[in-house]
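Student: I should like a close look at a single part of this protein. Please describe that part and then place it within the whole.

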Amino acid sequence: MMQEMSPLRLPIRSQTDVVIARGHGMDMALAMGFSSIIATQIATVISELARNIVLYAQVGTITLMPLSPGALASNKGVQIVAQDNGPGIPNVKQVLNGGYSTSNGMGLGLSGSKKLMDSFKIESMLGLGTTVTAVKYLYAVCN
Ligand SMILES: Nc1ncnc2c1ncn2[C@@H]1O[C@H](COP(=O)(O)OP(=O)(O)OP(=O)(O)O)[C@@H](O)[C@H]1O
Ligand SMILES: [Mg+2]
């Protein structure tokens with residue numbers, strides 16, 4: 001009988017927290033059976049989302065949620081939710097196209113992360129905050 005993995009809710013407020021979240025993501029992905037290449041990609045996405053929290057919202061949370069609904073192996077995966085109550089993103093479409101940055105960055109954190117995941121959704125309200133929800137499935141049909 002496999003041990004049920006529980007969600008991890010990680011506070012993000014410093015570069016140290018970014019590194020810690022990245023490590024938890026790596027461990028969880030490997031424990032779920034992802035290859036080390038995919039686990040590294042998942043960890044990279046967590047790191048990019050956490051880094052954005054520190055840079056643009058100062059504080060927030062990353063929640064790592066193992067998905068294993070029912071008996072369907074194809075539904076197994078890991079969900080990443082990055083939440084903050086920062087300034088919000090005024091131009092989500094532009095940001096997802098890549099190359100847009102307000103911090104002299106590459107502007108590739110979010111667009112690159114989207115490419116690495118199976119689903120990637122940004123909900124943002126100006127002045128209220130941002131929630132990014134991303135999922136990677138263990139047995140995706142194509143990737
Ligand atoms: N959590 C957030 N709250 C508010 N604005 C954000 C948030 N995350 C991203 N942004 C905005 O979206 C832009 C693009 O983010 P993205 O991560 O793609 O690139 P970047 O952080 O500028 O550079 P890098 O390539 O180093 O990640 C940011 O410059 C910032 O303006
Ligand atoms: Mg970024």
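Tutor: In this predicted model, strand β4, residues 119-125, runs antiparallel to β5 and is joined to it by seven bridges. Within this pairing, I122 stands opposite V132 of β5. The two strands, β4 and β5, make a hairpin in which three residues lie between them. One residue of that turn, G127, has a positive phi of about 80°.

Strand β5 also pairs with β3, which covers residues 77-84. This second pairing is likewise antiparallel, with eight bridges, and V81 is found opposite T133 of β5. Strand β5 itself spans residues 129-137 and is mostly covered, for seven of its nine residues are buried. In a regular strand, side chains alternate between the two faces of the sheet.

As for the setting, the protein contains four helices and five strands. Read from the N terminus, the order of its elements is β-α-α-β-β-α-α-β-β. The radius of gyration is 15 Å, close to the 15 Å that the globule rule gives for 143 residues, so the protein is as compact as a globular protein of that length. Along the principal axes, its C-alpha atoms fill a box of roughly 45 × 30 × 25 Å.

Buried residues account for 40% of the 143 residues in the protein. Of the contacts between residues at least 6 apart in sequence, 60% join residues at least 24 apart. The protein exposes about 8,000 Å², of which carbon and sulfur atoms supply 58%.

Methods
Residues numbered from 1 in each chain as written. Chains lettered and ligands numbered in written order. Predicted model: local features only at pLDDT ≥ 70, side-chain atom pairs only at ≥ 80, totals over all residues. Heavy atoms only, no water. Rg over C-alpha atoms; globule rule 2.2 N^0.38 Å. Buried < 20%, exposed > 50% of the residue type's maximum accessible area, 1.4 Å probe, protein only. Contact = heavy atoms within 4.5 Å. Areas by Shrake-Rupley, 256 points an atom, 1.4 Å probe, with all protein chains shown as cover. Pairing = 2+ DSSP bridges.
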